[in-house]
Amino acid sequence: MSFSAQAGLVRESVYADGSDPEDFISHGKEIQESAEFLSTREDSDGGVEILVVDSRGIEKRMQEEDALLENGSQSNDSEDTNAEQSRGSAPLKETAFSIGLQVLFPFLLAGFGTVAAGMVLDIVQHWDVFQEVTEVFILVPALLGLKGNLEMTLASRLSTAANIGQMDTTRELWHMVTGNMALIQVQATVVGFLASIAAVVFGWIPDGHFNLQHAILLCASSVATAFIASLVLGMIMIGVIIGSRKIGINPDNVATPIAASLGDLITLALLSGISWGLYEELKTKVYVNPLVCSFFIALLPLWIVIAVRNPLTREVLYSGWEPVIIAMAISSIGGLILDKTVSDPNFAGMAVFTPVINGVGGNLVAVQASRISTLLHMCALPVKESGNIRKKCPSPCSTFFSSDVNSRSARVLTLLVVPGHLIFLYTIGSMQGGHTTLTAIFITFYMIAALLQVVILLYIADWMVHWMWGRGMDPDNFSIPYLTALGDLLGTGFLALGFHILWLIGDRDSDVGD
């Protein structure tokens, strides 16, 4: 039993004003029968001070006080069923098999979503807008990364709230939904605008020329795609979390992969369609693109007012920009790698695999980060106490080979990488997608890249979530954007490196870039 979280302290000072101190010590022994610790010491006035730790009466009172905490996170392991229910459900005891079983279906669903996104990217890379305004490729990882920056963060935040009992009543549910939906619309609009600026800058630096009409096109496409995709995916996430909670499934295991599966396909389809439509309008109606930008930016004050009025999202609105913006910048670097790689006809085959490897890595690390964060919330470790959890980076052995539940889930998620990617590669090959024949040497290099990406991400997640928690930051709001952005950068970088190595060793005829 945790001393700081669950121990009660009873201090009774008895002074020797003619009474026999032994009587009070005897009384203390009776108290000891209902307490975990008892000590006596004589004070300066000659009295006897009895210290009782965790007496049942005080523990009950502390449990009642804990039940009133707004966030419900610092709770006790009470034997009182009513008090326990008032604080939310207890953590689910999960075996490796149950974790794998719950993660497998949404993981495959998410993977097929990324396969579909890859097929879309493989087709649209030949469209005029992608050929003439190549900076659109830089937007791809940044906007696909919104599922990690916004939708997965939303899913993780709502999963934690559901697990600790903050969405049990209709009023709490409505309050949580409206605030969070307004919040992600603000974030989506701002991040979409900043992503377009990053794409313009990254496109201008290597080439040395700037096209104002193309810059406005990128801005309109990015903001409209981010807004619409976040609105649709946010509503889907709310339904998934409520439904999974009602049927007894841990939302952490299913919400983030489903967000990813639909997020990649919906976002890429929207980006392709909107950018193509605005590019066609640019030829005859140059005012359309500025009008689209102005419309979505004009809605910002409305969403800000709704988010500020909700105390559950006000803090995130004020302090949650750093991870979202930095993650967008990291993903944009991955987009620059993608742009320079697929622009070379020798490596056009990389396009179809990029959403797959990035999506799978981001899905798996988001599940792990959400699980660790929920466990920290439900264990109710105070910030000062939990700050000692990770004073330094954990060893790889403790991350992957220890006996705790987080290590167990890390092993399960790692074991899903190879069979999952084999299924996705076979699906791409059977649909005759891409420009790359799936030879044994290509699959070997691809699997090495995918395993390296996921292992690095899971290791970083183990350190990052505990590090943020120990410094008073909510990992649900801060960790997943960084991790999924790193997944985009690592996945794109390793995949591009693999394609270059294959080209150098001669695997180039019908296999790479044909």
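In this predicted model, Lys 283 is exposed, with a relative accessible area of 53%. The value places Lys 283 in the exposed class because that class begins over 50%. Lys 283 is the partner of Glu 280 in a salt bridge, in which the closest N and O atoms are 3.5 Å apart. The pair qualifies because the distance of 3.5 Å falls within the limit of 4 Å. Glu 280 is partly exposed, at 28% relative accessibility. Side chains of opposite charge can pair when their charged atoms come close. A search of the whole structure returns one salt bridge.

A nonpolar patch was also found on the surface. The patch is formed by Phe 193, Ile 197, Val 201, Trp 204, Ile 205, Phe 210, Leu 212 and Ile 297, which together have about 740 Å² of accessible area. Helix H9, covering residues 170-207, makes the largest contribution to this patch, with five residues. Ile 197, a member of the patch, lies in helix H9. The relative accessible area of Ile 197 is 39%, and the residue is therefore partly exposed, between the limits of 20% and 50%. This value also meets the requirement for patch residues, because 39% is over 30%.

Internal space was examined next. Rolling a probe the size of a water molecule over the atoms shows where empty space is left. Three cavities of 30 Å³ or more were counted. The largest cavity has a volume of about 70 Å³. Its lining consists of eleven residues, and those nearest the centre of the cavity are Pro 141, Leu 144, Thr 354, Pro 355 and Asn 358. Two elements, helix H7 (136-144) and helix H16 (354-379), each give two or more residues to this lining. Of the elements, H16 gives the most, with four residues. By class, the lining of the largest cavity is made up of five nonpolar, three polar and three charged residues.

Helix H7 is mostly covered, with nine of its nine residues buried. The buried residues of H7 are Val 136, Phe 137, Ile 138, Leu 139, Val 140, Pro 141, Ala 142, Leu 143 and Leu 144. Pro 141 and Leu 144 thus appear in both settings: they are buried in H7, and they are among the residues nearest the centre of the largest cavity.

Several pairs of residues are separated along the chain, and their spacing in the model was computed. Arg 157 is located in helix H8, residues 146-163. Arg 157 is buried because its relative accessible area of 9% is under 20%. Between Arg 157 and Asp 476 the separation is 319 residues in sequence and 5.3 Å in space, C-alpha to C-alpha. Phe 478 belongs to helix H22, which spans residues 475-504. With a relative accessible area of 12%, Phe 478 is also buried, so its value too is under the 20% limit. Phe 478 and Glu 322 are 156 residues apart in sequence, and their C-alpha atoms are 8.3 Å apart.

Two further pairs involve residues with higher accessibility than the limit for burial. Leu 302, in helix H13 (residues 300-309), is partly exposed, with a relative accessible area of 44%. Leu 302 and Val 186 lie 116 residues apart in sequence and 9.1 Å apart in space, from C-alpha to C-alpha. Ile 123 is found in helix H5, residues 96-124. Ile 123 counts as exposed because its relative accessibility of 53% is over 50%. The C-alpha atoms of Ile 123 and Val 352 are separated by 8.6 Å, and the two residues are 229 residues apart along the chain.

Definitions and conventions:
Residues are numbered from 1 along each chain as its sequence is written. This is a predicted model: local features need pLDDT of at least 70, side-chain atom pairs count only at pLDDT 80 or more; totals for chains, interfaces and linings use all residues. Side-chain values use heavy atoms; hydrogens and water are left out. On a 1 Å grid over the protein atoms alone, a cavity is a set of points where a 1.4 Å probe fits but cannot get out, and a pocket is an open set with protein on both sides within 12 Å along at least five of seven lines; lining residues have an atom within 4 Å of a point. Grid points are joined across faces, edges and corners, and a volume is the space filled by probe spheres set on the points. Ala, Val, Leu, Ile, Met, Phe, Trp, Tyr, Cys and Pro count as nonpolar, Asp, Glu, Lys and Arg as charged, and the others, Gly among them, as polar. Patches are made of residues with over 30% relative accessible area and no salt bridge: like charges are joined within 9 Å, nonpolar side chains (Val, Leu, Ile, Met, Phe, Trp, Tyr) within 5 Å. Accessible areas come from the Shrake-Rupley method with a 1.4 Å probe; for residues, only the protein chains shown count as cover. A salt bridge is a side-chain nitrogen of Lys or Arg within 4 Å of a carboxyl oxygen of Asp or Glu. Buried means under 20% relative accessible area, exposed over 50%, partly exposed in between (1.4 Å probe, protein chains only).
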